[in-house]
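User: Please take a close look at one part of this model for me. I would like to know how its charged side chains pair up, and what surrounds one of its strands.

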Amino acid sequence: MKTNSLLQNGILNAIGNTPLVQLKKIVPENCAAIYLKLEYFNPTGSYKDRMALSIISEAERKGILKPGMTVVEFTGGSTGTSLALVCSAKGYSFKAVSSDAFAKEKLKSMEMFGAELVVIPSVDGKITPELFADMTRMVEQLTTSGNAFRPDQFYNTDALKGYQEMGKEILDHIGRPVDVFCAGVGTAGMLTGVATELKKKNPATRVVALEPASAPLISTGVKGSHKIEGIGVGIIPPLLHKDQYDEILEIDETDARMMAKLLVTQEGILAGTSSGLNVVAAIALGKKLGPDYAVVTVACDSGMKYFAGGLFD
């Protein structure tokens, strides 16, 4: 009996092709249609699975990553969990440099998928530019040997290929032009990758980058601290291509947290804080556009990762 070649990829074949749903109950009257890509349907519950698979697969294809090598990367947790999954499936060891500033569920998930975890202490549990600098230095120390591969998620353009697939899926699923796409910026790989495909199909599509109001580095150059994991990383990400976005919005963290609660109680969508931020922005943009327009954003990961952090208290 012949076996479908796709099935031989095991769990990695389950990455991508996530649902796109239209929000109904929390969208006000005279607002554009708001669509949400449910990325928590990926195997680790995060859109970072796309990036991890793309980077590791491309490194193998280029001969940069070979059997017996160790993958080393710093992470807030979602990237690390995704890399741990892909490395486990492909047979690589993985060292994750993270911090106690990030959700305990994420740290535990990385270990469960087989990662060796190095935890850098934070100041008062806050996500700051200094914390990312500390984690970067630790990764540099751990990759001094020639037997280590660093995915380098903030600079590696191979990540864009995985996110371009998300853009293609959005176009396939929505069945109409996308007027606005908005998303929070971490590495900016997702925003840039999706924008590439949406603008290729419709150059008039407006792409809006989002960041926490308390850390508006991209829009104003002001660094700050916040507790929205995955975005606002204290640098202007190299993958944030100016020709691929049209506007930057600052979103209040309190509004993002309130929206995450509304999503689960009103729409049945259990997602994290950055997803709440994305939806706050999408509705604000949709209200300006009015009916007959379409705004798309992303539910980046599952809210199950944030129970210990008090998001849903």
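Analyst: Glutamate 60 and lysine 90 form a salt bridge, with 2.9 Å from N to O in this predicted model. The two residues sit in distant parts of the chain, 30 residues apart. Glutamate 60 belongs to helix H1, and lysine 90 belongs to helix H2 (residues 78–90). How buried or exposed is each partner? Glutamate 60 has 26% relative accessibility, so it counts as partly exposed. Lysine 90 has 30%, so it is partly exposed too.

Helix H1 (residues 48–62) also holds arginine 50. This residue forms a salt bridge with glutamate 169, and their closest N and O atoms are 2.8 Å apart. Again the pair links distant parts of the chain: glutamate 169 lies in helix H5 (residues 159–174), 119 residues from arginine 50. Here the burial reads another way. Buried means under 20% relative accessible area. Arginine 50 is at 4%, so it counts as buried. Glutamate 169 is at 11%, so it is buried as well.

A further salt bridge stays inside one helix. Arginine 257 and glutamate 253 meet at 3.1 Å, N to O. Both lie in helix H8 (residues 253–267), four residues apart, which is about one turn of the helix. Glutamate 253 counts as buried because its relative accessibility is 19%. Arginine 257, at 22%, counts as partly exposed. Elsewhere, shared partners join salt bridges into one network of Lys37, Glu39, Arg50 and Glu169. The count of salt bridges comes to 16.

Now the strand. Strand S7 (residues 180–184) is mostly covered, with five of its five residues buried. Which residues lie on each face? Val180, Cys182 and Gly184 are on one side, and Phe181 and Ala183 are on the other. Both faces are covered.

S7 has strand partners too. Strand S8 (residues 206–212) runs parallel to S7, and five bridges join them. Within this pairing, alanine 183 stands opposite alanine 209 of S8. Helix H6 (residues 189–201) completes a right-handed β-α-β unit with S7 and S8. Strand S10 (residues 294–299) also pairs with S7 in the parallel sense, over two bridges. There, phenylalanine 181 has valine 296 of S10 as its bridge partner. Phe181 and Ala183 share one face of S7. Phenylalanine 181 is bridged to S10, and alanine 183 faces a residue of S8.

Notes: Residues numbered from 1 in each chain as written. Predicted model: local features only at pLDDT ≥ 70, side-chain atom pairs only at ≥ 80, totals over all residues. Heavy atoms only, no water. Salt bridge = Lys/Arg side-chain N within 4 Å of Asp/Glu carboxyl O. Buried < 20%, exposed > 50% of the residue type's maximum accessible area, 1.4 Å probe, protein only. Pairing = 2+ DSSP bridges. Right-handed = clockwise from strand over helix to strand, strands pointing away.
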